[in-house]
Amino acid sequence: MTFSGFTNDDFSVFTIDGLDERMDALKTTIRPKLDDLGKHFSTVLSAETGNEIFPHVARHARRTKNPPNDTWVAFASSPRGYKMLPHFQIGLWETHVFIWFAMIYEAPNKEEYGKKLEDHLDKLYHEIPKDFVWSGDHTKPGVYKHSDLSKDELKNLFIRLQTVKKAEILCGVNISREDAIKMNGNDFITAADHVFKKLLPFYKMA
């Protein structure tokens with residue numbers, strides 16, 4: 001395992017102007033680290049989920065004008081892709097690292113999954129760690145802190161997943177840029193492993 005942790009240079013990639021310039025920096029600075037995390041956690045998550053898990057490092061291949069504002073490695077049970085499947089992610093915005101479980105809008109069974117979440121509302125509301133966060137849109141950096149949500153507000157996120165075509169559900173942890181750059185590779189691996197263990201029930205429910 002060669003992952004050495006994230007640095008200021010990794011986060012600063014997202015301040016570089018121009019698609020080609022930012023993509024070149026992303027490929028040389030962040031992508032090798034995502035490849036390392038992909039290799040490590042695909043093995044770990046395969047053991048923990050009981051399914052063979054494959055890493056998918058974002059390529060941003062469809063972009064022709066606007067440079068990416070975030071990047072990630074996703075983990076799913078298919079070598080062909082992850083967007084239609086329940087999956088895990090590790091990624092970066094300029095301001096933070098995210099470690100997620102995700103069910104995004106391409107998933108064909110997200111309505112059914114939303115109903116399962118709603119059925120387990122009481123358990124999830126009380127057992128999700130207070131420092132975890134929720135999102136309904138993976139393309140935006142904003143999140144809802146679990147500690148700030150009422151039970152009804154959490155229920156509304158689950159209902160939205162069932163009823164809104166573009167709705168998504170993501171749960172996990174954000175690590176601020178300042179905290180992430182203080183962590184060495186082993187520190188980050190340990191932290192991410194802890195988060196993924198807490199997120200396993202979401203995957204198994206799916």
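**Stop 1: strand β7**

Select residues 169-176, strand β7. Of its 8 residues, 6 are buried, so the strand is largely enclosed by the rest of the structure. Buried here means under 20% relative accessible area. Keep in mind that this is a predicted model.

Now add the partner strands. Show β4, residues 96-103. β4 and β7 are paired antiparallel, with 8 bridges between them. For one point on that pairing, label F101 and C171: F101 stands opposite C171, which belongs to β7.

Next, show strand β5, residues 133-135. β5 and β7 also run antiparallel, joined by 3 bridges. Label S135 and look across to β7, where L170 is its bridge partner.

While the strands are on screen, follow the side chains. In a regular strand they alternate between the two faces of the sheet.

**Stop 2: the cavity**

Stay with β4 and turn on the cavity display. The structure holds 1 cavity of 30 Å³ or more. The space inside the largest cavity is about 90 Å³. Select W93, F98, W100, H138 and K140: of the 15 lining residues, these are the closest to the centre of the largest cavity.

Which strands each supply at least two residues of this lining? Colour β2, β3 (87-93) and β4 to see them. β4 gives the largest share, 3 residues. Then colour the lining of the largest cavity by class: 7 residues are nonpolar, 5 polar and 3 charged.

**Stop 3: the largest pocket**

Move to the open spaces. The largest pocket holds about 670 Å³ of space. Its lining is made up of 22 residues. Select H60, R62, W72, Y82 and K83, which lie nearest the centre of the largest pocket.

Show β1 (54-57) and β2 (70-76) next; each supplies at least two residues of the lining of the largest pocket. The largest share comes from β1, with 3 residues. Colouring the lining of the largest pocket by class gives 9 nonpolar, 6 polar and 7 charged residues.

**Stop 4: S42**

Zoom in on S42, in helix α3, which spans residues 31-49. Is S42 buried or exposed? Its relative accessibility is 10%, so S42 counts as buried.

Display the S42 side chain and the backbone of G38. The S42 side chain reaches the backbone oxygen of G38 at 2.8 Å.

Then select L37, I53, F54, P55 and F75. S42 is in contact with these residues, leaving aside its neighbours within four places in sequence. Two of the strands shown at the last stop come back here: F54 and P55 are among the contacts of S42, and β1 covers 54-57. F75 is another contact of S42, and β2 covers 70-76.

**Stop 5: the second largest pocket**

Finish at the second largest pocket, with a volume of about 170 Å³. To see its lining, select H120, K123, L124, E127, I128, P129, K198, P201, F202 and M205.

Which helices each supply at least two residues of the lining here? Show α5 (121-127) and α8 (185-205). α8 supplies the largest share of the lining of the second largest pocket, 4 residues. By class, the lining of the second largest pocket comes out as 6 nonpolar, 1 polar and 3 charged residues.

How values were computed: Residues are numbered from 1 along each chain as its sequence is written. This is a predicted model: local features need pLDDT of at least 70, side-chain atom pairs count only at pLDDT 80 or more; totals for chains, interfaces and linings use all residues. Side-chain values use heavy atoms; hydrogens and water are left out. Buried means under 20% relative accessible area, exposed over 50%, partly exposed in between (1.4 Å probe, protein chains only). A polar contact is a pair of N or O atoms within 3.5 Å; within protein, one must be able to donate a hydrogen and the other to accept it, and residues adjacent in sequence count only if both atoms are side-chain atoms. Contact means heavy atoms within 4.5 Å. On a 1 Å grid over the protein atoms alone, a cavity is a set of points where a 1.4 Å probe fits but cannot get out, and a pocket is an open set with protein on both sides within 12 Å along at least five of seven lines; lining residues have an atom within 4 Å of a point. Grid points are joined across faces, edges and corners, and a volume is the space filled by probe spheres set on the points. Ala, Val, Leu, Ile, Met, Phe, Trp, Tyr, Cys and Pro count as nonpolar, Asp, Glu, Lys and Arg as charged, and the others, Gly among them, as polar. Two strands pair if DSSP finds at least two bridges between them.
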